[in-house]
Amino acid sequence: MTYAQPTLTVRVWLKRDSGQYWPSIYHVMPSPCSCMSFNPETRRLSIGLDNGTISEFILSEDYNKMTPVKNYQAHQSRVTMIQFVLELEWVLSTGQDKQFAWHCSESGQRLGGYRTSAVASGLQFDVETRHVFIGDQSGQVTILKLEQENCTLVTTFRGHTGGVTALCWDPVQRVLFSGSSDHSVIMWDIGGRKGTAIELQGHNDKVQALSYAQHTRQLISCGGDGGIVVWNMDVERQETPEWLDSDSCQKCDQPFFWNFKQMWDSKKIGLRQHHCRKCGKAVCGKCSSKRSPIPLMGFEFEVRVCDSCHEAITDEERAPTATFHDSKHNIVHVHFDATRGWLLTSGTDKVIKLWDMTPVVS
């Protein structure tokens with residue numbers, strides 16, 4: 001287990017005979033550490049720093065020694081995300097300078113760059129197609145096609161009302177997950193080529209990190225509320241409908257408060273407008289007095305539905321598709337080891353916790 005503190009040290013923790021983890025080595029960096037990426041196959045550790053540098057080390061087989069390899073002058077300010085691509089020998093990174101860059105990990109040479117619309121806060125890469133996914137603080141996801149020394153803008157997605165905080169990519173199903181400060185996760189079906197976007201609502205605070213268990217098709221999302229949510233993605237989910245516009249309730253035809261003409265003609269006081277999360281119709285409060293979870297639409301919590309939709313939702317449709325767990329700390333970073341079913345969380349309380357997820361991720 002390797003962990004970079006938001007200070008000047010990088011520490012390697014080893015499990016002792018007692019079953020407890022203790023630091024084996026640590027290395028002092030010239031600038032505070034901001035992010036990191038570790039490749040177990042090569043034991044290559046890439047560390048992003050506040051000064052824009054990426055420092056690389058090779059860890060020994062017994063994890064008791066760190067050997068410096070090279071430094072990349074990648075960014076003008078803090079490095080926000082790093083990803084090492086072994087198959088192409090590339091180091092991908094984003095920085096607070098609004099730059100995405102990729103370097104050759106063998107020569108250290110900068111291969112290319114792209115300026116993002118806002119500071120990037122999520123980074124994923126698909127080796128097969130050489131597509132890179134960049135989420136930023138404006139809520140946008142940018143997709144680029146990378147060549148050896150240039151890149152092409154493919155498209156951009158915008159579905160969040162808050163900044164993107166995390167990205168996760170499933171290369172088999174070709175699905176991208178994005179977490180946001182708006183408390184939601186969106187599943188973008190890129191492989192289906194139908195533009196499907198499924199929203200998942202299961203947190204009461206911003207989503208901080210995402211991991212994916214590919215073999216069981218389960219998504220793990222962690223939030224600032226301390227919640228760990230395990231989503232079953234092996235179900236047929238439905239898109240939430242677009243909210244319809246209307247000047248009056250589409251159930252009882254009572255005018256909304258801005259519809260002055262109908263209020264005058266009918267001599268009725270205008271009502272406040274709401275929307276049914278199931279059908280999307282514009283309804284008044286009286287016609288949408290019920291609440292219900294709609295898990296297949298991503299609503300694990302109870303949401304407003306119109307009375308007719310509430311009657312139509314079956315108990316089977318209300319069955320949860322996610323499990324909820326309390327980490328008891330404000331999670332800022334996670335790492336999931338699929339081979340052992342272990343989840344590592346680190347929080348603002350400066351505590352690292354290791355969880356056995358096999359009872360729920362299996």
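This tour moves from the whole protein chain to one of its sheets and then to a single residue pair.

The model is predicted: local features need pLDDT of at least 70, side-chain atom pairs count only at pLDDT 80 or more, and totals for chains, interfaces and linings use all residues. Residues are numbered from 1 along each chain as its sequence is written, and side-chain values use heavy atoms, without hydrogens and water.

**Whole chain.** Select the protein chain and align the view to its principal axes; the C-alpha atoms fill a box of roughly 80 × 50 × 35 Å. Colour by secondary structure to display 2 helices and 30 strands (DSSP runs numbered from the N terminus: H or I of at least four residues for helices, E of at least two for strands). Of the 362 residues, 48% are buried, meaning under 20% relative accessible area with a 1.4 Å probe, protein chains only.

**Charges.** Select Lys and Arg as positive, Asp and Glu as negative, leaving out His and the chain ends. There are 37 positive and 40 negative side chains, with the centres of the two sets 5 Å apart; each charge is placed at NZ of Lys, CZ of Arg, CG of Asp or CD of Glu.

**A four-stranded sheet.** Next, select strands 12 to 15: these 4 strands form an open antiparallel sheet in the order 12-13-14-15. Strand 12 (120-126) and strand 15 (151-158) are the edges, each pairing on one side only; pairing requires at least two DSSP bridges between two strands.

**Strands 14 and 15.** Narrow the selection to strand 14 (residues 140-146) and strand 15, which run antiparallel and are joined by 7 bridges. Finally, select Leu146, which stands opposite Cys151 in strand 15.

Methods: Buried means under 20% relative accessible area, exposed over 50%, partly exposed in between (1.4 Å probe, protein chains only).
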